[in-house]
Structure formats: C-alpha cells, structure tokens
Amino acid sequence: MKEMLSTEPRVSGDLALLNESTIPPGVRGHSGPTPHTGIVHIGLGNFHRAHLSVYTAKAIDADGGDWGIFASSSMDRDMPAALVAQDLLYSVVDIAPGTQAITVPAVHTAALGCDADSADVVAEIAKAGTKIVTLTVTEAGYTFSPSTNGLNLDSPLVQGDLAGATSPATAIGQVTRGLQARALTHGAPVTVLSCDNLVDNGDHTAHLVRHFVELLPADERGPLLAYIDSSVTFPNSMVDRIVLATDNRHRAMAAKRLGVRDAIPVPAEPFTMWVLQDNFAAGRPRWEVGGAIFTDDVAPYDLLKLRLLNGTHSLLAYLGALDGQATIPDARFQGFIEHAARTLLNDEYLPTLTVPAAIDADEYIEQLFSRWSNSVLADPTSRVGSLGSVKLPQRITEPVQHHIAHGVMPENICLTVAGFLACIAPLDGYEPGPFARAMLDPAKDRLATLAAKCSTAKELTWAVFEQGDVFAPVLAEQPGFVDRVAQYLDLIITSGIRTAAAEAARASSHH
Ligand code: CS2
C-alpha cells in the first residue's frame, strides 16, 4: 500500500525541523539571504504569510533590495514563537486537486508575538530604513465605529492609545505613533498600505490615522499633520487569496512535500490576486513580477471582489452552516445554495458595480465557483462565517442602498443577513447547529444579550439595526429592508433554511 489512509494524518516526529540549515533545495522564494528590513507589517497571520510575503519574495528574487519584513501579531503568541524557532522560515502549501507546489518565502526579519512590547513596533516604524508599513489586521482591527466611520471612541484600547500609552494596543495607534516619531526625527517619507477587505482600504486607513491625530493635543497635532500631508501615502489595494488556519493535515502535507517538518505551514489555494494604487512615498518592491496589478483605479476591482467573492462567500457560509454543511464546497454543491448564490451574484451584486475592463464578469463568476469547489482545501463555513458583524457591513451596505433606491428588494442579501443573525444571535429555543456555533465574532456576546431580551425575529432584527453598532444607521432607515430580513429570520427559525431560501428564490423571480 503506497499511502496509509487516514483523515487526520500525523506528522512524523523524526523529521528534522525546517530552518536555515535544513531547508531543502528549490523551495526558497528567492536565492539570496534574507534582506534587511524595509517593511514593517502589523498583523502577522496566515493571510499575510501567504500573500504579501510571497509577492515580496518574488520581487526580491527578481530585483534584490532591502525589503525584509519585520512582522508582529497582537493576536497570537505561538505561531510567531514557532517562526523564530525555525529561523523565521515557514512554507506556503498550495492546496488544490493535482498540485504539489510549496514555497518558503524567507522574507521575515523579525516575528513578534502578542507577548512582545508594541513599543518595539512603533520604534521599528520610526526607523528611516522603514519604507512601507503594511497591515492585515482584519476588519475588526481598524477599531472604527460603523455609525461614524471614524475611530471607535468608546473602545478603551483606542482611549488608552490616544491618552499616550507608550505601548499602543491598536493598529491605528501603533501606526500613528510611529509616524509621529518619524515626524519628530528624520522626517523621511513612508507609505502605509492596508491589505484588508475594507472598501477603499487606503483612504479609510488615512481617515482613521488623521482622526487619531486630530484628537491629540494641539502642539503635537500641527507638526504631525504637516508631515502626513507632505510625506505619507496610503494607497488603496484589493487583496485576494483564500487562506485557512493551520491544522495537522496541512503539517502532514508540508512534511511530505518538503521532507522536513514545518510546525507552522500556511494552507492556501493556488489562486492569488493583488491590485493596488502605485502611490508609494519611499519606493516599493517590484511586486508586479509576482503578478500584482498596479492601477490608478482600484475601486472597481475592490468592489468586484468585496461583493462578488466576499459577499457571496458570506451567503455560502451562513446558508451552508445552517444546512449542516461543514465546508464551502459542501455548501456550494447544495442545489438550493448554488441557486441563491447565482441570483445574488447576477441580480443583486453585479448591477451595483462597474466591472473593470480587463475582467469578464461571467468568467470571473465561474472562476469563483471553481475556487469554492476546492474540496481538498475544504474551507470551513465556520471560518468564512466568523467576524460577520464587521465583514458584512463592508459587503452589503451600498448594494442594499442601491437596490432600495431603485425600488427593488435584494432578497438574497436579506437572506444572508438573516442567516448571519440565525448563526450568531440565535433566539432562545433555536439551535443553529455546530458549524454556526463554531463561528467567532467580536459582537457575539453583545448580540446574545440582545437576543436574550427579544422573543421574536422581528424584535431581534430591529434591535440589531437600531442599535447602530454593527450595521450603518442608514440601513435602519430602510424599514422595508429590515422587515424583510426579519421575515427571513422568522422563516429560518420556524421552517428551516431551505424554506427560507425557497422563499428568496420565489420572491426574486418576481422582480
Ligand atoms: C472570506 C475571506 O473570511 C471571509 O469572509 O470571504 O477571508 C476570503 O477568503 C478572502 O478575502 C479571499 O481573498
């Protein structure tokens, strides 16, 4: 027998650990030694390790340059520690039927965990050798309020950072204090590059940094604002690659392909895309050699991805989880879910955006279905359904407004939101199932408290929208929309997700 059959293969303990002396030939992302730091990255997680790091390795391979990455995580202690134990090396495992690709980017110069002092991150941003500060901190990491779009001034962490904490807790606090130190010393230009799934992520980050500065004492404010105006840029970018959390199955795949043991490989789909504005104040790696697309107009790509991929992904996750499906491919192959997804894509998201000239919408959609069909990767519905309270507003707010303004009810967007509420804020007596229970959300406790006070789907839905701390208040001003979400939630609770989806299909076909 060539291979042992096992659903959760074990990593053989006698393999050597991946490090500088054991790295096998042919997998290193670039041929030279790790370069000096040019990039400070906030949000050292799996997405960063499979996206920016891989593009940067390719750019260094082609071009050299001091573009090493000093990275920090405020969430995780173990992975950064494991990275240090492996000489900052790890592998990215491409997972899809028929691929064996693996690469070791080898671009990091430091990996700080959540037990490190964030003053070190600020100090690194402050160094003149730092040319770019990059962020992948998730939608929640920007600590903004959905009702004002500015900093969330109710957050104790934001308050602490504004009050002058020497070790800022928030990403915006760390960036702004780093910029402040630069302004007060060498004043060299720098770029702040958000790589998160936010609408106009660069503009939004600039807005939050400026908001932070405006709240500082007047004597600090003036010089810092002048420095930001003259010397700091915030390009917009669209990032795309489906990347999962690491488990033993991925460790076994990495060991098999590498012949050495990697404790922290990153599982990722082979597909990758990055579109960004070429607005860098102090130079940049030639990321285009890795396939990055530079354009003045990121917005059409950004909306295409946020709505078609991410928006539909949310629907697949919530409908799938409520239907007992563990993974996105399992969900996507349920006929009723595929039907809802196609209606959502073609009738509800596509009409709200301008497809970039270089993209064929039908091909893009078929490519999405093929990515969602990757059953070897087996993206969990609980991963995509997590953080919905901060993700969904980025995906649905403008599309809902667009349709309501045209007198049309976006049935499958309503169904997505109802699915989210059913999973994250189940009313007393309703059981959404294990995959919904496994979803994590910063608003879960708040929403559970709210759900405990409500006895009907209508009460709960209105309470969530009126509270204004998840969805933008403009949506609560659309009573027809909120009522329709409530009706779907009621149907999910009383008759199940399949009946609710059948109602959405029926109602959509009448538009
Ligand atoms: C997903 C994204 O978590 C989610 O909601 O839609 O993580 C998605 O996998 C990435 O944006 C793909 O680029």
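These notebook entries record what I looked up around the ligand and in one sheet of this predicted model.

**Entry 1: the shell around the ligand**

I listed the residues around the ligand and found Asn-197, Asp-240, Arg-241, Ile-242, Lys-305, Asn-310, His-313, Arg-383, Val-384, Lys-391 and Arg-395. I then sorted the shell by residue class: six residues are charged, three are polar and two are nonpolar.

I next asked which helices each supply at least two residues of this shell. They are H10 (299-322), H14 (381-385) and H15 (388-405). Helix H10 gives the largest share, with three residues.

**Entry 2: polar contacts and cover**

I looked up distances from side chains to oxygen atoms of the ligand. For Arg-383, a polar side-chain atom lies 2.9 Å from a ligand oxygen. Asn-197 places a polar side-chain atom 3.0 Å from an oxygen of the ligand. In the side chain of Arg-395, an N or O atom is 3.0 Å from a ligand oxygen. I also noted how much of the ligand is covered: on its own it has 340 Å² of accessible area, and the protein covers 92% of this.

**Entry 3: a sheet and its helix**

I turned to an open sheet of three strands, ordered E4-E3-E10, with mixed pairing. Strands E4 (102-103) and E10 (266-268) are at the edges; each has a single partner strand, so one side of each lacks a neighbour in the sheet.

Strand E3 (residues 92-94) and E10 run parallel and are joined by three bridges. I traced Asp-94 to its bridge partner in E10, Ala-268. Helix H9 (residues 248-258) packs on this sheet and touches E3, E4 and E10. I recorded an angle of about 90° between the directions of H9 and E3.

Terms used. Residues numbered from 1 in each chain as written. Predicted model: local features only at pLDDT ≥ 70, side-chain atom pairs only at ≥ 80, totals over all residues. Heavy atoms only, no water. Near = heavy atom within 4 Å. Polar contact = N/O pair within 3.5 Å; in protein donor to acceptor, adjacent residues only side chain to side chain. Areas by Shrake-Rupley, 256 points an atom, 1.4 Å probe, with all protein chains shown as cover. Helix = DSSP H or I, 4+ residues; strand = E, 2+ residues; numbered from the N terminus. Nonpolar A, V, L, I, M, F, W, Y, C, P; charged D, E, K, R; others polar. Pairing = 2+ DSSP bridges. Contact = heavy atoms within 4.5 Å. Axes fitted to C-alpha atoms, helices over the stretch in contact; angles between N-to-C directions.
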